[in-house]
Amino acid sequence: MKVLVTGATGQLGRDMVRRLRLKKIPCLGAGSETFDLKDREETFSAVRAYRPDAVIHCAAYTAVDKAEEDRELCRAVNADGTRNVAMACREAGAKLLYLSTDYVFGGDGEDPYEADSPRRPLNQYGLTKALGEDAVREILDRYFIIRTSWLFGKGGNNFLETILWLGSRGGQIPVVSEQIGSPTYTADLAELLAAMLFSDRHGIYHAANEGFCSRAEFAREILRQAGFSADVRPIASDEYPTLAKRPLNSRLSKASLDTGGFSRLPPWQDALARCLAADDIRPSL
């Protein structure tokens, strides 16, 4: 088994490469300097050169607000780039694990979204990730589409790092309380993806750490576990306007993991504690 990991310089990509190497699985971590996935020939050439048995496609345009203004680039990476990767996998006979997002859903109601729930993205990022899903399903038979939510990990530019930095300064931190979902530790998700490499139970899966919380509750638990005295002030979404509209309900049902015979991820509070114990997650003071 040889694995090509795209987006290897991102927080999930780094943890994915680290996990594969710990498991002694040959892998190549590819960043934008390795090949430009927006360029079909570069993508095909890179896959032909390495000849992977599987590709874990972590690379994505993830600047959600900026995507509303930079629509062409966002689509070129998330939709067209994913199509290039899928076509290269088809030529190579490689299976594809494509990382998608809770943002493909509209965020209505309070029930967790199932893997086959109708999609209704509210923003350009969600739309382009949904188009990426469509390309994978159209081109390949051997694929995993893994929708996840609220990623956090070591050394990433994410919600956890922001709250730690703000918490180190003290005072009160306003955080939206209406958005509900599941924080997902990249190291735990990487372990699941490694298990999927050796499975033929292809399809669409939802993967996030167990349990649901609001953004404000997540922030409060980060501060508590980190030992900061700063306080969280819950606010409504309209008090923190953004270019991109976010879904209020990002709950993902993990029943698809049960059906596929995969283990669920641990509770998000436990995942947070393990992440905070890592040396490179503390804020720079």
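User: Where does UniProt place the feature "domain: RmlD-like substrate binding"?

Analyst: Happy to help, and please keep in mind that this is a predicted model. Within that span, 40% is helix and 19% is strand, and its end C-alpha atoms lie 29 Å apart. The feature comes from an unreviewed UniProt entry, which places it at residues 1–278.

User: What radius of gyration does the chain have, set against that of a compact globule?

Analyst: Good thing to check! The C-alpha trace spans about 55 × 40 × 35 Å along its principal axes. For 285 residues, a compact globule would come near 19 Å, and the chain agrees with this because its own radius of gyration is 18 Å.

User: Which element gives the largest share of the largest nonpolar core?

Analyst: Let's start with the core itself: it has 29 residues, and Leu-4, Cys-89, Leu-96 and Leu-140 have the most contacts inside it. The elements giving two or more residues are helices H2 (40–50), H3 (71–92) and H4 (124–139), together with strands E4 (95–101) and E5 (143–148). With seven residues, the largest share comes from H3.

User: How many residues are in the other core, the one with Ile-56 and Leu-265?

Analyst: This core lies apart from the largest one, and Ala-190 and Ala-207 are also among its residues. In soluble globular proteins, nonpolar side chains tend to be buried together. The count for this other core is 28 residues.

User: What percentage of the chain's residues is buried?

Analyst: Here a residue counts as buried when its relative accessible area is under 20%. Of the 285 residues in the chain, the buried ones make up 55%.

Conventions: Residues numbered from 1 in each chain as written. Predicted model: local features only at pLDDT ≥ 70, side-chain atom pairs only at ≥ 80, totals over all residues. Heavy atoms only, no water. Core = buried A, V, L, I, M, F, W, Y, C linked by side-chain atoms within 4.5 Å. Buried < 20%, exposed > 50% of the residue type's maximum accessible area, 1.4 Å probe, protein only. Helix = DSSP H or I, 4+ residues; strand = E, 2+ residues; numbered from the N terminus. UniProt positions renumbered as here; feature names shortened; annotations may be inferred. Rg over C-alpha atoms; globule rule 2.2 N^0.38 Å.
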